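Visitor: Please take a close look at one part of this model. Start from a single spot and work outward, with the cut-offs stated as you go.

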Amino acid sequence: MTQDSTKQTPAVPYFRMALEEGEILAVTNVLRSGWLTTGPQVTAFETEFALKIGENVEAIAVNSNTAGLHLCVEALGIGPGDEVIVPNMTFTATAEIVRYVGADPVFVDVCPNTLCIDTHKLEKAISARTKAIIPVHFGGVAADLDAIQEIAKHYDLAIIEDAAHSFPATYNGKAIGAHGTTASVFSFYANKTITTGEGGMIVTSNKDLARRCRIMRLHGIDRDIHSRFTDNKSSWHYDVIAPGFKYNMTDVAAALGRAQLQRAEKLRRLRQSISNKYDAAFADIPLDTIPSSENGGESAYHLYVIRLQNNVEAKREDLEQGLKEQNIGYSVHYTPLHMLSYWQKKYHLKDAQFPVSTSHYARSLSLPIFPSMHQEEIDRVISAVRETVLSFLPK
Ligand SMILES: *Cc1c(COP(=O)(O)O)cnc(C)c1O
């Protein structure tokens, strides 16, 4: 090994987890408590999360956002022959849960400035078989919920918000989750805005949907049926009303979630400050930055995506090369679903059907934006991006 290679600057990671002592203590307290699985911590987490959303919503904790989305389409009775509209610029989970119940996702292209579903194209995608829309609030900026709700009302469709990026975020002054859609589903995966390691939360004001989700997240077991006829709630009696799933959250996860919930607003502000620094530093170079704040809401600042403007003679691969040379971590959000082989083959999807996401994908990547980033790391990302993009411009 040469002297030089040992002196290479340390990597700026795309994401770095940073838990606080209070969070670690909350988890170890559960480990000492003698109760690990769904119990008092989960109940408390649900109550506290619902209060943060407001509007008297009900919150149902599950072991992932994917599980939560699945429970919602199951509870709505969506099945074979039905269609559910999804944006193609999302993680595959948004669409796969539609296949879990035997229905078909219908993919719709996104708006170039928000990467959220294009509501004009959405309306054209509606057929007699359409049952629901699953909008994604990309990067934590709300999709155009007013327009989506108007369309859903007109065609009598359910709206299940994929709010995996959106805690805490607002739209029209109210939290995502508080807008009276059928349901909103949040993610607490390790690199999401708050985390339980793996976890998710369904938020809804629909009592029937909530009840079905609670039953189906744990084997289809219905304890209420028995407890209606007896005072003894600890009875071993229960009924099973359907072949349910194993989607419950553990108390270990919920204890971490409760501690993270207390810090959620502070973590959001830390991400916002990084986003503001990036915005200022890239204002004079030919980059689109997404999401910029749109739709009159506060973003959760989950992602910071940069895209080379069309007049720049370079591609994502060239950007990647520049960042790799300076040891800067990055990611890509997302490979549009129509470019992934399962979806492409199953539904005969072509790039030409999705011009916005296809072109976005060719020219964009996501920069690190995590709360424990040091100023020196932010500065290194900024100078690497500026240097790389400026090198693409004619001399
Ligand atoms: C992370 C993510 C999911 C899946 O969340 P899990 O909690 O890992 O199941 C779904 N949709 C989007 C848009 C995501 O980013």
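Guide: Start at Pro 168, in the loop between β5 and β6 (170–171). Here helices (H or I, at least four residues) and strands (E, at least two) are DSSP runs, numbered from the N terminus. This is a predicted model: local features need pLDDT of at least 70, side-chain atom pairs count only at pLDDT 80 or more, and totals for chains, interfaces and linings use all residues. Residues are numbered from 1 along each chain as its sequence is written, and side-chain values use heavy atoms, with hydrogens and water left out.

The peptide bond that leads into Pro 168 from Phe 167 is cis. Its omega is near -5°. Go on to the loop between β6 and β7 (174–175), where Asn 172 sits. Asn 172 is not a glycine, yet its phi is positive, near 50°.

Now step back to the ligand. The shell around the ligand holds 16 residues, where near means that a heavy atom of the residue lies within 4 Å. Thr 66, Asp 162, His 165, Ser 187 and Lys 192 come nearest. The shell splits into 6 nonpolar, 8 polar and 2 charged residues. In that count, Ala, Val, Leu, Ile, Met, Phe, Trp, Tyr, Cys and Pro are nonpolar; Asp, Glu, Lys and Arg are charged; the others, Gly among them, are polar. Two helices, α4 (65–75) and α5 (93–100), each supply at least two residues of the shell.

Next, the polar contacts (pairs of N or O atoms within 3.5 Å). A side-chain N or O atom of His 165 is 2.7 Å from an oxygen atom of the ligand. For Asn 65 a polar backbone atom is involved, 2.9 Å from a ligand oxygen. The side chain of Lys 192 places an N or O atom 3.2 Å from an oxygen of the ligand. On its own the ligand has 380 Å² of accessible area (Shrake-Rupley, 1.4 Å probe), and the protein covers 92% of that.

Back to β5, residues 158–162. β5 belongs to an open sheet of 7 strands, ordered β1-β9-β8-β5-β4-β2-β3, with mixed pairing. Two strands pair if DSSP finds at least two bridges between them. The edges are β1 (58–62) and β3 (104–108); each has a single partner strand, so one side of each is left without a neighbour in the sheet. From one strand to the next the twist averages 25°. Axes for such angles are lines fitted to C-alpha atoms, and the angles run from 0 to 180 degrees between N-to-C directions.

Walk along the sheet from β5. β5 and β4 run parallel, joined by 2 bridges. One pairing sets Ala 132 against Ala 158 in β5. The two strands and helix α7 (residues 145–155) form a right-handed β-α-β unit. Right-handed means that, with the strands pointing away from the viewer, the path from the first strand over the helix to the second runs clockwise. β4 (residues 130–133) also runs parallel to β2 (residues 83–87), through 3 bridges. There Ile 85 has Ile 133 as its bridge partner.

At the β1 end the direction changes. β1 and β9 (residues 200–204) run antiparallel, with 5 bridges between them. Glu 58 stands opposite Thr 204 of β9. Strands of a sheet pair through backbone hydrogen bonds, either parallel or antiparallel.

One more stop, at a second open sheet. Its 3 strands come in the order β12-β13-β14, with antiparallel pairing. β12 (287–290) and β14 (364–367) are the edge strands, each pairing on one side only. Here too the average twist from one strand to the next is 25°. β13 (residues 304–308) and β14 share 4 bridges. Tyr 304 has Leu 367 of β14 as its bridge partner.

A cis peptide bond also joins His 333 and Tyr 334, with omega about -15°. Tyr 334 lies in the loop between α11 (316–325) and α12 (341–347).

Technical notes
Polar contact = N/O pair within 3.5 Å; in protein donor to acceptor, adjacent residues only side chain to side chain.
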